[in-house]
Every structure is written in C-alpha cells, then in structure tokens.
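User: I would like to go through the labels used for this model and see how each one is earned. Could we take them one at a time, setting the value against its cut-off?

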Amino acid sequence: MSSNLVKGSAILTIGLFLSKALGLLYLMPFYAIVGEENIGLYQYAYIPYNIALSIAISGAPLAISKFVSKYNALGDYATGRKMLKSGMLVMALTGILSFLTLYFLAEPLAHLVRRDDEQLFTVEEIAGVIRWVSYALLVVPIMSIVRGFLQGNHKMMPTSVSQLVEQIVRIVVVLVGAFIVVNFMNESPRTAVNFAVFAAFIGALAGLVVLYKYWRSYKPEFDHLLANSPSAGKVSITDMYTEVFAYILPFVLVGVINPLYQFVDMITFNNAMASIGLANVTDTYFAMLNLLTHKFVMIPVMVATGFSMALIPVITGYYAKNDQKGITRSLDQTYQIMLFLTVPMVIGLIVLSDELYQFLYSKSEAGSEILASYAPVAILFGLFTVTAAILQGIDRQKWIVFTSLLGLLFKLVLNIPLIKLFETDGAIAATAIGYSIAVGLNIAVITKTLHYRSKMVFRRLILIGLLNLIMFITVALTLKGLTAISEADGKMHALLYVLLCAMVGAAVYGYLSFKTGLAQKLFGNRLTRLTNKLGFRR
C-alpha cells in the first residue's frame with residue numbers, strides 16, 4: 001500500500017480519535033453542570049447545525065482535496081492554487097447565507113420538535129439554542145477549503161491539529177462558561193446551554209488561526225511548485241467549478257447523511273413516542289439516543305473517517321494514472337485495517353455499556369441498553385464512509401447520491417412504525433436498515449466496476465472475526481467475574497472495571513494478532529521488525 005495512505009490515514013485518525021474522545025469526555029462535567037433533563041436541549045441545536053454546516057461547506061475538504069490531488073498528479077500546481085483563491089470567497093459567501101438561513105429557520109424547526117405539552121422544552125428555548133449555534137457557520141466554511149487544499153497536497157497534519165485545537169478551545173469555553181453561568185451568575189442551566197452551543201463559534205476561530213500558521217510554514221514550498229507549474233489559464237473558473245461541483249453533491253451527502261438520519265429522529269421521534277403515551281420521557285430518551293450514546297458510537301467511526309479522508313487523494317491519483325494494482329492494494333488494506341480496528345471497539349462498547357454509561361453520565365438501565373443496541377451500527381457508519389470515499393475516487397459519484405437517498409428513504413418510512421413497536425430500539429433499527437441498504441449497494445458497485453475479487457481479504461476478515469470472538473468471550477467472562485465480586489457502585493468503581501476489561505481485551509486481541517501475524521501483515525515492515533524483536537516471528 002502507498003506509504004502516503006498509511007501515513008496520512010494515521011495522522012488523520014489520531015487527530016480524529018483525540019477530537020472524538022475529547023468530544024465524549026467533556027460531556028461528563030457538562031452533564032453534571034446542566035443535568036440530565038437539560039442536556040437534551042444541547043442536541044436540538046446541533047442536529048440542524050450539522051446539516052447546515054455540511055451544506056455550507058459543500059463537501060469542500062474532500063472535494064477540493066480530490067481536485068487538487070488530480071491536478072498535482074498531472075504536474076499542474078497552478079490550477080489548485082487558483083481554486084483555493086476563488087474558493088475562499090465562495091466559502092465565505094456560503095457561510096453567511098447558511099448562517100442567515102439557520103438563524104431565521106430556528107423557530108419553525110422548534111415547532112417541529114415540540115409536539116406535546118408534556119415535553120420538557122418550550123419552542124422559545126429550542127429556537128434560542130439553534131440561533132446561538134448558527135454563528136459558527138460564519139467561520140467553518142473558510143476553514144474547510146484550506147483543509148481540503150492542504151489534504152490535496154498530502155499535508156494531513158494541519159487538518160488533524162486544527163480539528164484538535166478547535167475541539168479543545170470549544171470544550172474549555174463550554175465547561176468554563178456553563179460553570180460560571182450556573183454557579184456565579186445564578187442563571188438557569190438552560191441559559192448555560194445557550195452559551196455552550198455558542199462555543200462552536202469560538203472554537204472555529206481557534207482552528208482557523210492554526211490553519212493560518214500552517215499555511216505560512218508551507219507557503220514557500222507551494223510557491224516553489226507553483227513557479228515550476230504550467231499556467232492555469234487553460235482551466236477557466238467555469239471549468240474548475242463545473243468539475244468541483246460534480247464532486248460536491250456526493251461529498252455533501254456523505255457529510256450530511258448521519259445528521260439527516262438524526263434529523264429524521266428529531267422530527268418523528270417525539271411524535272411517535274407521544275402517540276404511545278411516552279411524551280413525558282421522549283426528550284430524555286432522544287438525548288440518550290442522539291447525543292449521549294451517539295458520542296460513544298462515533299468513536300469507532302473516526303477510524304473510517306480518517307481512512308476515507310486520506311484514501312480519496314491516493315485512489316484519485318491511482319485512478320488518474322490507470323493503476324489498477326495500486327487501487328486494489330489500497331482497497332485490500334483499507335477494508336482490513338478499518339475492520340481490524342473498529343470491530344473490537346464496538347465489542348467493547350457492547351460488553352461494557354453499563355459501566356461506560358455510569359462512568360460518564362450516571363447509572364441508567366435505559367441509557368446503557370440504548371448504547372448496547374446502538375454500538376453495532378458504528379460498523380455500518382464506518383463502512384458507508386469508506387465505500388463512499390472509494391466511489392468518489394473512481395468517479396462513481398452518482399451512485400453515492402442514489403444509495404444515500406435510498407437508505408435515508410427507508411429510514412424515513414420505517415422510523416415511526418418501528419418506534420411505535422420498539423421505542424428507542426425502533427429508531428436504531430431503522431437507521432441500521434437504511435445504512436445496510438446503502439453500504440450493500442456501494443460494495444456491489446465497487447466490486448462490479450473494479451472487478452474486485454480478493455480471496456485473501458475474505459480469509460483475513462474471517463480471521464479478524466475469530467479473534468474478536470475470542471476477545472469478546474474473554475472480556476465478558478472478566479466482567480462477569482468482577483461484578484460477581486462486587487457490582488460497580490460509583491463512577492470510579494465503574495471506570496476501574498472498564499480499564500481492567502479494556503486491558504484484558506487489548507492484551508488478548510494484541511497477542512493473537514501478533515501471534516497469527518495479522519498485525520504485521522496489515523501495518524507493514526516497521527511493525528514486523530518490532531514484533532520480530534519481541535519474539536513474534538512469522
């Protein structure tokens with residue numbers, strides 16, 4: 001596999017992992033500050049914001065990355081630079097338009113959410129948090145195009161570091177601001193939630209500053225390439241945007257599809273739950289589903305996201321050169337590494353759902369059951385992200401549009417009847433069905449288009465499954481033994497059990513992976529040399 005893919009995906013994955021981990025951990029003190037009843041208001045702001053954000057940036061990071069990578073592979077560095085300059089203005093304008101749209105649609109959206117007088121939040125409170133979070137749309141689109149340009153030049157570190165800094169600054173502002181509002185200003189927790197969602201704007205400004213500093217450091221290198229590049233005059237602005245917009249819709253759908261699934265829940269969940277007499281708990285259950293447990297579920301997905309962001313420019317380069325072997329090697333490695341890393345994470349979430357939920361939030365049978373049911377869907381989220389990236393790399397964007405919308409249609413049709421039958425599990429099942437349809441069709445198109453057949457990958461996936469089964473049994477027995485001695489009766493007690501079981505699981509999975517030679521084959525020569533020194537020779 002290309003060293004660019006391994007290195008790039010590793011950098012992006014580490015950055016995304018840290019960002020996602022922080023995005024989960026900060027909920028623990030924030031939950032303590034505002035309480036279980038009020039934290040749901042936070043999520044009502046972020047679902048429409050994430051949709052507006054995806055539309056505002058129009059898939060810019062990945063679309064621009066693909067565009068720049070293609071022309072760089074042809075030795076034309078001027079066209080990518082020309083796209084960056086004009087794109088900055090376009091992104092600034094789309095950010096302003098998206099901000100205004102979300103700001104003025106806040107109240108109509110709030111009316112869609114509040115469907116019963118027994119619900120916890122008023123229309124004014126829901127509309128207020130949506131308006132406060134909309135300010136971040138003024139900054140994020142500009143960041144997106146800079147990240148895309150740098151990724152197209154195989155500079156993955158700026159994206160990783162800027163995302164991490166953005167998240168850290170946002171979290172600090174959320175926690176410090178909420179604490180001050182509640183404990184020193186003696187305002188209500190719901191006022192603190194308003195301030196917390198505005199922190200997205202402040203975090204985005206910090207991320208933009210980081211990108212500017214990286215741009216200053218890389219500019220001499222880019223200027224040198226530009227000086228030795230043919231003129232970009234042959235590629236007009238119209239031609240550039242025609243090509244980029246051909247990439248954009250599929251990228252928008254990939255970025256917005258998960259928030260759209262959540263939005264379907266947002267406008268149907270409360271109504272369906274009220275119809276079966278559960279209006280008094282629907283806001284709390286919705287927060288558990290689409291905020292508190294969703295944060296856990298998205299951690300394994302960051303592996304797939306990191307790979308997809310690094311995969312697109314590499315696959316595009318191979319495809320532009322008609323290098324079929326390079327594409328096949330990339331696909332083999334990507335499928336294996338993604339599942340090798342995500343499946344054990346999902347198993348950990350399932351087995352340790354009670355203890356994880358208790359540690360981060362509070363002991364809740366409903367919350368831990370939702371987490372255990374929701375965790376396997378993370379594999380589908382990851383597979384969708386990766387398969388969509390592959391389709392982008394081989395210029396099959398129309399299929400992404402079709403499969404994404406078809407899956408979403410099934411979610412929309414099935415959500416209400418399944419919620420009425422199975423409550424929160426019904427919403428999870430509808431999501432799983434929608435994603436399964438989209439992923440299945442994506443894989444079918446990839447296989448047919450690239451004539452992709454790999455018995456080796458099939459055998460490796462069976463091996464990964466067996467190793468995970470052994471790990472699952474070991475961790476489940478370990479937890480059973482610990483709880484037989486003493487049930488977890490506090491946050492630190494729950495954390496202790498999580499850490500002990502995680503260490504046992506990692507040790508078993510790691511040992512078996514090294515002993516069978518699977519890890520060495522997936523991660524290359526450097527790991528092989530290290531494991532040889534440790535006595536794991538193959």
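Analyst: Let us begin with exposure: a residue is called buried under 20% relative accessible area and exposed over 50%, and partly exposed in between. The model is a predicted one, and local features are taken only where pLDDT is at least 70.

User: Why is lysine 219 called partly exposed?

Analyst: Lysine 219 has a relative accessible area of 32%, and a residue that is neither under 20% nor over 50% falls in between, so the label is partly exposed. Aspartate 223, with 28%, is partly exposed by the same rule.

User: What makes aspartate 223 and lysine 219 a salt bridge?

Analyst: The side chains of aspartate 223 and lysine 219 meet at 2.9 Å, N to O, and the cut-off asks for a Lys or Arg side-chain nitrogen within 4 Å of an Asp or Glu carboxyl oxygen, so the pair qualifies. Both residues belong to helix α9 (residues 189-227), where being 4 residues apart separates them by about one helical turn. As background, an α-helix has 3.6 residues a turn, so residues three or four places apart point the same way. Arg81 is linked with Lys219 and Asp223 in a network of salt bridges, and the structure holds 8 salt bridges.

User: How do you know that arginine 147 and glutamate 166 form a salt bridge, and which parts does the pair tie together?

Analyst: The N to O distance between these side chains is 3.2 Å, and that lies within 4 Å, so the pair meets the criterion. Arginine 147 sits in helix α7 (residues 140-152) and glutamate 166 in helix α8 (residues 157-183), so the salt bridge ties together parts that are 19 residues apart in sequence.

User: Are these two partners buried or exposed, and how do you know?

Analyst: Arginine 147 has a relative accessible area of 9% and glutamate 166 has 17%; both values are under 20%, so both residues are called buried. Beyond its neighbours up to four places away in sequence, glutamate 166 touches Met143, Arg147, Gly203, Ala204 and Gly207.

User: What makes α7 a mostly covered helix?

Analyst: Of the 13 residues in α7, 12 are buried, among them Val140, Met143, Ile145, Arg147, Phe149 and Leu150. From its first C-alpha to its last, α7 reaches 18 Å, close to the 18 Å expected at 1.5 Å a residue. Histidine 154, which follows α7, has a positive phi near 60 degrees.

User: Which parts of the chain does the salt bridge between aspartate 265 and lysine 411 link, and how far apart are they in sequence?

Analyst: In this salt bridge the closest N and O atoms of aspartate 265 and lysine 411 are 2.9 Å apart. The pair links distant parts of the chain, with aspartate 265 in helix α10 (residues 237-275) and lysine 411 in helix α16 (residues 397-422), 146 residues apart. Aspartate 265 has 3% relative accessibility and lysine 411 has 0%, and since both are under 20%, both count as buried.

User: Why are the buried residues of helix α2 said to lie on the same side?

Analyst: In helix α2 (residues 27-34), the buried residues are Leu27, Phe30, Tyr31, Ile33 and Val34. They cover an arc of only 165 degrees around the axis, which puts them on the same side of α2. Glycine 35 follows α2 with a positive phi, near 90 degrees.

User: Why is leucine 349 called buried, and what does it touch?

Analyst: Leucine 349, in helix α12 (residues 324-351), has a relative accessible area of 9%, and a value under 20% is called buried. Leaving aside residues up to four places away in sequence, leucine 349 touches Phe296, Val297, Pro300, Leu356, Leu371 and Ala375.

User: Finally, what does the protein chain look like in its totals?

Analyst: The protein chain has 21 helices and 0 strands, and buried residues make up 57% of its 538 residues. Among contacts with a separation of 6 or more, 83% join residues 24 or more positions apart. The protein chain exposes about 22,300 Å², of which carbon and sulfur atoms supply 67%.

Note on methods
Residues numbered from 1 in each chain as written. Predicted model: local features only at pLDDT ≥ 70, side-chain atom pairs only at ≥ 80, totals over all residues. Heavy atoms only, no water. Helix = DSSP H or I, 4+ residues; strand = E, 2+ residues; numbered from the N terminus. Buried < 20%, exposed > 50% of the residue type's maximum accessible area, 1.4 Å probe, protein only. Contact = heavy atoms within 4.5 Å. Areas by Shrake-Rupley, 256 points an atom, 1.4 Å probe, with all protein chains shown as cover. Expected span 1.5 Å × (residues − 1). Arc of directions from axis to C-beta.
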